[in-house]
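Q: Please take a close look at one part of this chain's surface. Walk me through what is there, and then set it against the rest of the chain.

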Amino acid sequence: MTSTHILILIGCYFLVLLLISYLTGKNDTNEDFFKAGKQSPWYVVAFGMVGASLSGVTFISVPGWVQGSQFSYMQVVFGYLVGYFVIAYVLMPIYYKLNVTSIYEYLKERFGMVSYKTGAFFFFISRVLGASFRLFLVALVLQQFVFDDLNIPFEITVILSILLIWIYTFRGGIKTIVWTDTLQTLFMLLSVGLSIYFITDKLDMSLGNLLASEELKQYNKIFYTDSFLAKSHFIKSFFGGMFIAICMTGLDQDMMQKNLSCKTLKDAQKNMISFSLVLVVVNFIFLLLGALLFIYADKFNIVTPSLGGVGAPKTDLLFPEIALNSGLGIVIAITFMLGLIAAAYSSADSALTSLTTSFCVDFLGIDKKPQKQQKKLRKITHIGMSILLIIVIIIFKNILDRNVIDSLLTVATYTYGPLLGLFTFGIFTKHKIKDKWVWLVAIVPVILILLISNVPPEQLGGYVVGYEMLPINGLLTFFGLWLIRKK
C-alpha cells in the first residue's frame, strides 16, 4: 500500500466524518456543543465510548506491550471493571443530581471556588497530556509509513492531524462526537478482527489452534503473584487499574461529558455497565493480537522497526510494520489504516471538545458572559486548545523513550491523584475545608509521588513503583484536606 493510497483513504474517511459533522452540527449552539441537548441514546454512547477509551494507544501500544509484559495488562483491565461500577453508582448520581456541564462544578458546590479551579486545572493538565500521548502515537505511525516517503516533516503531520479534528468538531462538539465515535469504534474493532483472521490464516492456524498452541504460551501469562516488590504484581495492578478507571473516566470531563449527554441517569448507568463489560473482552482481543504479531514476526523473521531507522526497536511500530509491509495483502492494509485513524481520532476529537468545554465553563465562566459573545468565545477557545495540543505533541517527539501506554498510565498517577483525593473527601465526609489552601494540598502530594517514583528500586528494598502510586497520591491529598478541615 503506497503513501498515496493511504492519503486517499484518509481523505475519504474524513469526508464521511465531515458529513456526520454537517448533519449533527446544524444548530451550532453551545447547548449542543457542550451537552448534545441531553438527547444522546445510551447504547450509541456506550458503543462509541469503547473506541474513545481504547484510542490509538491501545490499538498499537497494547499489542506491542505483550513482548515485555505478556498478558499482565489484563490485571489492570479487571481493575478497570470494578472502577466503572463505582462510577456508575457513586459518581453519576451526583453529576445528574447537580445537572452540571463541567463535573468540577461539584467541587465548587461542595468546597468553594479554589477547590473548583484546582480540580479543573488538574483535569486540564491531565487531558492535555493524555490526548497528546494518543495523538503522538498516531502521528508517529503516519510519519513512519506515509509522510517520510513524501519528505513531509513530523511537525506538519501533527498540524494536519489536529486541523482535521478541528474541522469536524468546531460546530457540533459533543453532539457530533457521540456519533463519529460510534463509526470509529466500528472501524477499529473490524480492523482488529480482520487482522487476527488474516494473520492466523497466513500461519495456517485457526483461532482454536492459536489458543491451544505452544507459541501462545510464551506470551499469555496473565496473573503475576510471585513477588509483591515487582511492578506487575496482581494486587498493585488490579487496584491501580481500578483507580485509573475511576479517575481517567469518572473524574475526567472528557469521558463524563458523553455520559452527561444521555437523557436520564438510568440511561447513563446502562451505558457505563454495558461499555465496561465489552471493554474487558476487547482488551483481551488486543493482547491476543499482540501475541499473534510476535509469533508471526518470529516465523517470518520480521524485525521490529525503530523510529526513523535509528535507535532501539520500538514495539509500538510492529503492528503497522506487519499490516503494511509484510505482504499480507491490501485488505489488511486498508483495515489497519482505518482502524488506526479511527482509534486515534475517536479519543482525540472528544479530548479537544472536553478541553474547550472545561476551559470555557471552568476558567472563562462562559455562562456568565453576554449571550452574543458566548459562541465566539467558544470558537476562539477551540482554536487555542488545538494549537496547545500541537505544541505538546511536538515536544513529546523529543522526550519519549518508552512504550506509550506505560507512559500514559504513569503520568496519570501524578495528575489524577489530587482529583481522586478531592472527590473522595467531598463524597465520603461531611467536613468543610479552608478552601484557600486547597491548591497547596493538591500540589504537595504530586511532588512527593514524583520523588518516590524516581527513587531507585535498590534503595526501596527492591520494590518497583507501579500504578499503585495513583491511590497513594489520592490518599495523601485526602489526608491534606483532613488537616485543613474547619473545626
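A: Start with the nonpolar surface patch. This is a predicted model. In it, nine names are worth finding: Trp437, Trp439, Leu440, Ile443, Val444, Ile447, Leu448, Leu451 and Ile452 make a nonpolar patch of about 780 Å² on the surface.

Pick out Ile447 from that group. Ile447 sits in helix H19, and this helix covers residues 438-453. How open is Ile447? Its relative accessibility is 45%, so Ile447 counts as partly exposed. The label "exposed" needs over 50%, and "buried" needs under 20%. Ile447 falls in between, because its value is 45%.

Now step back to the loop that lies between helix H18 (417-428) and helix H19 (438-453). Lys436 is found in this loop. Lys436 has a relative accessibility of 57%, so Lys436 counts as exposed. Lys436 also belongs to another kind of patch. Together with Lys432, Lys434, Lys486 and Lys487, Lys436 forms a surface patch of positive charge. Look at the numbering here: Lys436 is part of the positive patch, while Trp437 is part of the nonpolar one.

Next, the whole chain. It has 20 helices and zero strands. Of its 487 residues, 60% count as buried. The chain exposes about 19200 Å², and carbon and sulfur atoms supply 67% of that area. Contacts also reach along the sequence. Take those between residues at least 6 apart: 85% of them join residues at least 24 apart.

Two other loops deserve a stop. One runs between helix H6 (113-147) and helix H7 (154-169), and Asn151 is found there. Asn151 is not a glycine, yet its phi is positive, at about 60°. With 70% relative accessibility, Asn151 counts as exposed.

The other loop joins helix H8 (174-202) and helix H9 (207-212), and Asp204 lies in it. Asp204 has a positive phi too, near 60°, and is a residue other than glycine. Asp204 counts as exposed because its relative accessibility is 69%.

Back to the part you asked about. Helix H19 holds Ile447, a member of the nonpolar patch. The loop between helix H18 and helix H19 holds Lys436, a member of the positive patch. Ile447 is partly exposed, whereas Lys436 is exposed.

Methods:
Residues numbered from 1 in each chain as written. Predicted model: local features only at pLDDT ≥ 70, side-chain atom pairs only at ≥ 80, totals over all residues. Heavy atoms only, no water. Patch = residues over 30% accessible without salt bridge, like charges linked within 9 Å, V, L, I, M, F, W, Y side chains within 5 Å. Areas by Shrake-Rupley, 256 points an atom, 1.4 Å probe, with all protein chains shown as cover. Salt bridge = Lys/Arg side-chain N within 4 Å of Asp/Glu carboxyl O. Lys, Arg positive; Asp, Glu negative; His and termini not counted. Charge placed at Lys NZ, Arg CZ, Asp CG, Glu CD. Helix = DSSP H or I, 4+ residues; strand = E, 2+ residues; numbered from the N terminus. Buried < 20%, exposed > 50% of the residue type's maximum accessible area, 1.4 Å probe, protein only. Contact = heavy atoms within 4.5 Å.
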